[in-house]
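Biologist: Please pick one spot in this model and give me a close look at it, then work outwards to what surrounds it. Keep it plain, as I'm more at home at the bench than at a screen.

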Amino acid sequence: MGLRRVLFFGFLATILVCAGVSAQSPEASSAQALPAASNKSSAPQATAPAVAQKTSAQSPKKKSPGAKKQGTAAPGRKRQTSTRGRRNSPRFKRIHQAFVTSATLKPMSRQLLQDRTPAAYAGVEAFARRNSSNDAGSLAWLAVGYARFLDHDCVKALEPLNRAKPHAGDIGDYVAYYLTACYLQTGHMAEAMASLGTFDHTYPGSLLLRDAHVLYANALLTDNRPKEAVALLENDRQPIRSDLEFALGRAYAASGEPVKAVAVLQHLFYSLPLSAEAPAAQGELQKLASTPGITPPSFGDRKTRADLLARGKRYPEAADAYRELQNEATATGRPAIQLALAEALYRSGQEKEAKRLLDSLQATTPEIAAQKLFDLGEMQRNANDDDGFLRTLGQIREVAPTSPWLEQGLLGAANIYLLRHDYDKAIDSFREMEQRFPGGARAHYAHWKVAWLSLRQGRTAEAKTAFEQQIAVYPESNEVCAALYWRARLAEEDGDPAMANAFYQKITQRYRNYYYGPLARERQSKLNVTGDPQHYAILDHVAPLTDLPTVADATVPDDNLRIEKAHLLENGGLLDFAVRELRAAAEEEKGNWLPAETARMYEDTGRYDLAVETLKRAIPNYFALDLTALPRPYWEALFPRPYWTDLKRFASANALDPYLVASLIRQESEFNPNAVSNKNALGLMQLLPKVGKGVAKQEKIKHFTVTQLFTPSMNLQLGTKYFRSMVDQFGGFEYALAAYNAGDYRVRDWQGAGKYRDIQEFVESIPFTETREYVQAIMRNANVYRQLYGTP
């Protein structure tokens, strides 16, 4: 095998595995998704249970909430092909029959794609052999071949993918694409070129056309036909994708057009620095560096790259890029570059160098001076030198009293005072923040904290006024629901049930299932008020919810070939492919069926986390709605009950409300049993390994290993026991939830910070926004679970 061919196969493996192919499609950053391949860790979760499977023979689907010669380059622009079909057409009948026949394949193929064990392979292969004469058998062989592809074993993938060809039907494009990819990786160039040369003509409506073009272009390069590769790719550059751009740059270089090659590769390297192809693009650019007539990258291009690296949290690389720029920057532009360099250095763990740079930086403008001081102040805070930070804040106030860096600094100061329980100084900082920056993004939050801390300090009259100002001045802010509730509470204390009634009613109308929604209804029910609520003009500032979801037309079309194809791929465990086909079908069809059907697919394969996230994005205001505003399947997908038998058993054994436990899990992992946090908390209830070991020892579980925390039943057993111990320790669920999130010692500190009217006042007083919202969210979710399912 020649050197060119060896290099090509190494490159092909890179673009398929590292850059182009992942469990989520490689073109995830562009408008159209790509085919998936990954290692096991990014495949569908291994421990998801086989739930909601239809295994009967009929297996009805759920209603959801121009040819070229071989060897020559195909046209770069794909033809649009309608997939609207008739249910009695031969093509539709064929794919539907394959769907029905493959119903029993679904749990087996899903297990294969999750685990890829010898037993899983054997089960799917046995199904394929039993159905060797029909399309369901081809689906099974595709699943086997794709699983081998995920295992990076194209040699073993060739046989099942070839077996899938004769009866592939409408999934033929997936079979052909992965067969071709494996041909290329195993050195079968002639077979690969023959398949790629006819792919556009054979599968004109395939979602894999652009993927096939990238494969074909690289094969053409290996076959010393770069001009054909250029012609193929130039017509297919939008939406932009990095693997295609890299192939095009290489094709231009091989075609003897280095200037064009450099232009393409520079754009890739400097505009898409986070892509997997960026390092390889840099290598190609270095080879072309001595080419006459090329235009070097501009300062702006290089700065764009550095900025993008910093935003992508690639701080060491960003620091290198900024370091190269600082000596070339103009006198006026250099301080900004140095500030960015100092930030990148600090974020990459080089704090001493960052501080030296900041100390030496010449502040040429008040804004530069403010940012320099703020960065130094942040270093002081992280070193627990809060007094130093407060002194630095005073310097910012002097040199740049209108700078947004002062706004951020005031927020930091307020938080310092909150943790010190110095509430008057915290009020002063929040008030100054709002007064200096009334149009700032944090003004509404600063006002709310002044209002709330005034109440906590016993200044009830000031709190009343501030709550009403929150409603009138910031009616769209996140804090309005709390302002309505606590203003109503004060009205109750003043003996004004009419006002309390009106404010509680507003919460029910606008924030029905927020944290304060059920609390407001409970208190309202105890008021001795009859008739309609009185009108209070201030409540008119809170506008009714707009942009309500339209789900009336949510029935999945039953005559769309692409949708039927998606359901067939779903039976083969090929979830990523199925979702892509659904999305493409949604662009063809009218109606609002896509989110619910996508969520249904995810839920049926045990990916409850993806189902929840899908509907959260589709209906972001769902907590403001009454349960009757959405079809029940939507709510059930948003608030699922997987692992319910074990969850209920262990919750009950520890005297816990199963819905509270479900809500905690929904907040922690969204029911992903393989979830791992950035702090190494594991599984459904996100237990730290040391916690799991400790509780397992208490429970006298022999031979316990940390990996068992990924087993739902074990995680639930230990997690509910641990949470019960926290409830007992702190004397209440909200306290326990706060400790679960923020730690024991912090909750003890907050409990000792003063007297509270009730637990709601404690929760609203939690100084950590993350913890406060965490507790409120879990209590809120538990209420929705109870409304939805009744007695557990």
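Modeller: Let's start with Asp 646, which is partly exposed at a relative accessible area of 24%. On this scale, buried is under 20%, exposed is over 50% and partly exposed is in between, using a 1.4 Å probe and protein chains only. This is a predicted model, where local features need pLDDT of at least 70 and side-chain atom pairs count only at pLDDT 80 or more, while totals for chains, interfaces and linings use all residues. Residues are numbered from 1 along each chain as its sequence is written, and side-chain values use heavy atoms, with hydrogens and water left out.

Asp 646 sits in helix α32 (residues 644-653); helices here are DSSP runs of H or I with at least four residues, numbered from the N terminus, and strands are runs of E with at least two. Leaving aside residues up to four places away in sequence, Asp 646 touches Ser 713 and Leu 716, where contact means heavy atoms within 4.5 Å. Asp 646 and Leu 716 are 70 residues apart along the chain, yet 7.2 Å separates their C-alpha atoms.

Those contacts belong to a helix pair. α32 packs against helix α35 (residues 712-730) at an angle of about 20°, with the axes 9 Å apart. Axes are lines fitted to C-alpha atoms, for helices over the stretch in contact, and angles run from 0 to 180 degrees between N-to-C directions. The two helices, α32 and α35, are therefore roughly parallel; the cut-offs are under 35 degrees for roughly parallel, over 145 for roughly antiparallel, 65 to 115 for roughly perpendicular, and oblique for the rest. The α32 side of the contact is Asp 646, Leu 647, Phe 650 and Ala 651, and the α35 side is Ser 713, Leu 716, Gln 717 and Thr 720.

For contrast, look at helix α22 (residues 443-456) and helix α23 (residues 460-473), which pack at about 155° with axes 8 Å apart. That pair, α22 and α23, is therefore roughly antiparallel. Among the residues that meet there are Trp 448 and Trp 452 from α22, and Ala 463 and Phe 467 from α23.

Phe 467 turns up again in the largest nonpolar core, which has 201 residues; Phe 467, Trp 486, Phe 503, Trp 635, Phe 639, Leu 718 and Phe 723 have the most contacts inside it. A core here is a set of buried Ala, Val, Leu, Ile, Met, Phe, Trp, Tyr and Cys residues joined through side-chain atoms within 4.5 Å. Helix α5 (residues 135-150) gives this core its largest share, eleven residues. A second, separate core of 28 residues includes Ala 370, Leu 390, Trp 405 and Leu 411. Trp 635 touches residues including Tyr 622, Leu 630, Val 784 and Leu 788, not counting those up to four places away in sequence.

α5 also leads us to helix α27 (residues 561-571), where eleven of the eleven residues are buried, so the rest of the structure largely encloses it. Charged residues are on the α27 buried list too, including Arg 562, Glu 564 and Lys 565. The buried residues of α27 pack against α2 (90-101), α3 (105-115), α5, α7, α28 (575-588) and α29 (594-604). One of those neighbours, α7, has 13 of its 14 residues buried. Just past α7, Gly 187 takes a positive phi of about 85°. As for α2, its buried residues are Phe 92, Ile 95, Ala 98, Phe 99 and Val 100, and their cover includes α5 and α27.
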